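Please open the model in a viewer and keep the selection tool at hand. The tour below proceeds from one selection to the next.

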Amino acid sequence: MINPGESYVSFEEGRWLDWREVVDRFSGRGNCAYMVYDNLPVKGYLYPADEILSAHDLDSWVSSSGGSAAICPDCGFVLERVD
């Protein structure tokens, strides 16, 4: 089951959508009505902050659930901070 605020997706740069809302829009239409949806699988890793900041372009921060997040445009690495 997908609850609001658990998973986010981006189909265009800088715009994040709650996965619950996306699934609600298309899950009842056509062949999608017979599919089951769940949260997106995510892996998390811990590294020293200076190592992360030197390896990734994290200059553009956007609002996220409980804080803000930056995504490296070169590799898709995501860093989230709690405000």
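Begin by selecting valine 62, which stands opposite alanine 69 in strand S4. The model under view is a predicted one.

Next, extend the selection to strands S3 (61–64) and S4 (67–71). S3 and S4 pair in the antiparallel sense, with four bridges. They form a hairpin with two residues between the strands, and glycine 66 in the turn has a positive phi of about 85°.

Keep alanine 69 selected and add glutamate 80 of S5, which stands opposite alanine 69. Strand S5 covers residues 78–82, and it pairs with S4 in the antiparallel sense over five bridges. The hairpin of S4 and S5 has six residues between the strands; there, select glycine 76, whose positive phi is near 85°.

Now display the surroundings of S4. Is S4 largely enclosed by the rest of the structure, or not, and why? Four of its five residues are buried, so S4 is largely enclosed by the rest of the structure.

Proceed to the cysteines. How many disulfides does the model contain? The count comes to zero. Select cysteine 72 and cysteine 75: cysteine 72 is in no disulfide, and the nearest cysteine sulfur, that of cysteine 75, is 3.8 Å away. Cysteine 75 is likewise in no disulfide, its nearest cysteine sulfur being that of cysteine 72. A pair counts as a disulfide when the sulfur atoms lie within 2.5 Å. Cysteine 72 is also buried, with a relative accessible area of 3%.

Turn next to the largest pocket, which has a volume of about 820 Å³. To find it, select Val42, Ala69, Val78, Leu79 and Glu80, the residues of its lining that lie nearest its centre. In total, 25 residues line this pocket. Helix H2 (49–55) and strands S3, S4 and S5 each supply at least two residues of the lining. Colouring the lining by residue class will show 15 nonpolar, seven polar and three charged residues.

Finally, move to the second largest pocket, with a volume of about 260 Å³. Of the 13 residues that line it, Glu13, Gly14, Ser60, Ile71 and Pro73 are the closest to its centre. S4 provides the largest share of this lining, three residues. By class, the lining of the second largest pocket divides into seven nonpolar, three polar and three charged residues.

How values were computed. Residues are numbered from 1 along each chain as its sequence is written. This is a predicted model: local features need pLDDT of at least 70, side-chain atom pairs count only at pLDDT 80 or more; totals for chains, interfaces and linings use all residues. Side-chain values use heavy atoms; hydrogens and water are left out. On a 1 Å grid over the protein atoms alone, a cavity is a set of points where a 1.4 Å probe fits but cannot get out, and a pocket is an open set with protein on both sides within 12 Å along at least five of seven lines; lining residues have an atom within 4 Å of a point. Grid points are joined across faces, edges and corners, and a volume is the space filled by probe spheres set on the points. Ala, Val, Leu, Ile, Met, Phe, Trp, Tyr, Cys and Pro count as nonpolar, Asp, Glu, Lys and Arg as charged, and the others, Gly among them, as polar. Buried means under 20% relative accessible area, exposed over 50%, partly exposed in between (1.4 Å probe, protein chains only). Two strands pair if DSSP finds at least two bridges between them.
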